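Subject: Structure for your review

Dear colleague,

Please find below the structure that I agreed to pass on to you. My findings follow it, arranged by topic.

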Amino acid sequence: MVNVHESSLTLPSVTAPQGQVLKGWAKQEINDKGQVTMTVVFTPDETGKVFLPENTTLEPMDLYPVFEKGGNG
């Protein structure tokens, strides 16, 4: 749980699959046809912290880690 008026968040640390890096945290939305869309809502900095724009109000949501190819290989 976080305060809805926070200016920054520290999201959980996750281990990326080999050859991938964490892109961010996404929420999942399902439309009336059952199609799933993942929308990245938080992109952490190198320390894992996310800074929120002023006047952002957080709402309850489930977040999923999103990975992409990266690294040195």
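Asn55 is exposed, because its relative accessible area of 74% is over the 50% that marks an exposed residue. This residue lies in the loop between strand 4 and strand 5. Its phi is near 70°, a positive value in a residue other than glycine. Please bear in mind that the model is a predicted one.

Overall architecture

The protein chain has five strands and zero helices, so that its pattern along the sequence reads β-β-β-β-β. Of its 73 residues, 18% count as buried. The accessible surface comes to about 5900 Å², and 49% of that area belongs to carbon and sulfur atoms. Among contacts between residues at least 6 apart in sequence, 59% join residues at least 24 apart.

How the strands pair

Strand 2 covers residues 20-30 and strand 3 covers residues 36-42; the two pair in the antiparallel sense over six bridges. Two pairs of residues illustrate this arrangement. Glu29 has Thr37 in strand 3 as its bridge partner, and Trp25 stands opposite Phe42, also in strand 3. The hairpin formed by strand 2 and strand 3 has five residues between the strands, and Gly34 takes a positive phi near 85° in this hairpin.

Strand 2 also pairs with strand 5, again in the antiparallel sense and over six bridges. Here Ala26 stands opposite Tyr64 of strand 5. The neighbouring positions Trp25 and Ala26 are thus matched to partners in strand 3 and in strand 5, respectively.

The nonpolar core

Which residues make up the largest nonpolar core? There are seven: Leu9, Leu11, Trp25, Phe42, Val50, Leu52 and Leu58. In soluble globular proteins, nonpolar side chains tend to be buried together. Trp25 and Phe42, which stand opposite each other, are both members of this core.

Val50 is another member of the core. Leaving aside neighbours within four places in sequence, Val50 is in contact with Ser7, Ser8, Leu9, Leu11, Phe42, Thr43 and Pro44. That list includes three residues of the core itself, namely Leu9, Leu11 and Phe42.

Two serines beside Val50

Ser7 and Ser8 both touch Val50, and I would ask you to compare them. Is Ser8 buried or exposed? Ser8 counts as buried, because its relative accessibility is 18% and the limit for a buried residue is under 20%. Ser8 lies in strand 1, which covers residues 8-10. Beyond four places in sequence, Ser8 touches Lys49, Val50, Phe51 and Leu52.

Ser7, in contrast, is exposed, with a relative accessible area of 51%. Ser7 is placed in the segment before strand 1. With residues up to four places away left out, Ser7 touches Val50, Phe51 and Leu52. Ser7 and Thr56 are 49 residues apart in sequence, yet their C-alpha atoms are 8.0 Å apart in space.

Met61 and Tyr64

Where is Met61 placed? Met61 is in the loop between strand 4 (49-51) and strand 5 (64-69). Met61 is partly exposed, because its relative accessible area is 31%, which falls between the limits of 20% and 50%. Not counting residues up to four places away in sequence, Met61 touches Lys27, Val41 and Phe42; of these, Phe42 is a member of the core. Met61 and Ala26 are 35 residues apart in sequence and 9.5 Å apart in space, from C-alpha to C-alpha.

Tyr64 is in strand 5, opposite Ala26. At 33% relative accessibility, Tyr64 counts as partly exposed. Together with Ile30, Val36 and Met38, Tyr64 makes a nonpolar surface patch of about 370 Å².

In closing, I suggest three places to look in the structure: the core around Val50, the hairpin that contains Gly34, and the surface patch that includes Tyr64.

Yours sincerely,
A colleague

How values were computed. Residues numbered from 1 in each chain as written. Predicted model: local features only at pLDDT ≥ 70, side-chain atom pairs only at ≥ 80, totals over all residues. Heavy atoms only, no water. Core = buried A, V, L, I, M, F, W, Y, C linked by side-chain atoms within 4.5 Å. Buried < 20%, exposed > 50% of the residue type's maximum accessible area, 1.4 Å probe, protein only. Contact = heavy atoms within 4.5 Å. Helix = DSSP H or I, 4+ residues; strand = E, 2+ residues; numbered from the N terminus. Patch = residues over 30% accessible without salt bridge, like charges linked within 9 Å, V, L, I, M, F, W, Y side chains within 5 Å. Areas by Shrake-Rupley, 256 points an atom, 1.4 Å probe, with all protein chains shown as cover. Salt bridge = Lys/Arg side-chain N within 4 Å of Asp/Glu carboxyl O. Pairing = 2+ DSSP bridges.
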